[in-house]
Amino acid sequence: MTLSEAIPTTTYRVIKIDGKDLVRIMEMGITPHSELQVIRKAPLGYPIEIKIRGYLLSLRKEECEAIEVELK
């Protein structure tokens, strides 16, 4: 599943990252095998706020669709 399909308040593990924003996403601290928690989604679904490595991060639709995750 992609991060865009994730459910708030659930913890996930990043499996892989695809797409043109790969380097940018990894520079934000989202790397394969890292754990993240979805905090909340905006009313229309985007942006999605996540907690990773101790800080909060908001991601756009394109970024969320490039991140493949699994339940922890």
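**View 1. The surface of the protein, and what it exposes.** In this predicted model, the protein exposes about 4400 Å². Carbon and sulfur atoms supply 53% of that exposed area. Looking inward, 36% of the 72 residues count as buried.

**View 2. The charged side chains.** Here you can look for 11 positive and 11 negative side chains. Take the centre of each set, and the two centres turn out to lie 4 Å apart.

**View 3. Helices and strands along the chain.** How many helices and strands are in the protein? There are two helices and five strands. Follow the sequence from its start and you will meet them in the pattern β-α-β-β-β-α-β.

**View 4. The overall fold and its dimensions.** The C-alpha trace spans about 30 × 25 × 20 Å along its principal axes. A compact globule of 72 residues would have a radius of gyration near 11 Å, and the protein has 11 Å, so the two agree. Contacts also link distant parts of the sequence: among those between residues at least 6 apart, 55% join residues at least 24 apart.

**View 5. A close look at T2.** Find T2 in the segment before β1, the strand that covers residues 11-17. Which side chain shares a polar contact of 2.8 Å with the side chain of T2? That partner is S4. Now leave out residues up to four places away in sequence: T2 still touches C64, E65, I67, E68 and V69.

Methods. Residues numbered from 1 in each chain as written. Predicted model: local features only at pLDDT ≥ 70, side-chain atom pairs only at ≥ 80, totals over all residues. Heavy atoms only, no water. Helix = DSSP H or I, 4+ residues; strand = E, 2+ residues; numbered from the N terminus. Rg over C-alpha atoms; globule rule 2.2 N^0.38 Å. Buried < 20%, exposed > 50% of the residue type's maximum accessible area, 1.4 Å probe, protein only. Contact = heavy atoms within 4.5 Å. Areas by Shrake-Rupley, 256 points an atom, 1.4 Å probe, with all protein chains shown as cover. Lys, Arg positive; Asp, Glu negative; His and termini not counted. Charge placed at Lys NZ, Arg CZ, Asp CG, Glu CD. Polar contact = N/O pair within 3.5 Å; in protein donor to acceptor, adjacent residues only side chain to side chain.
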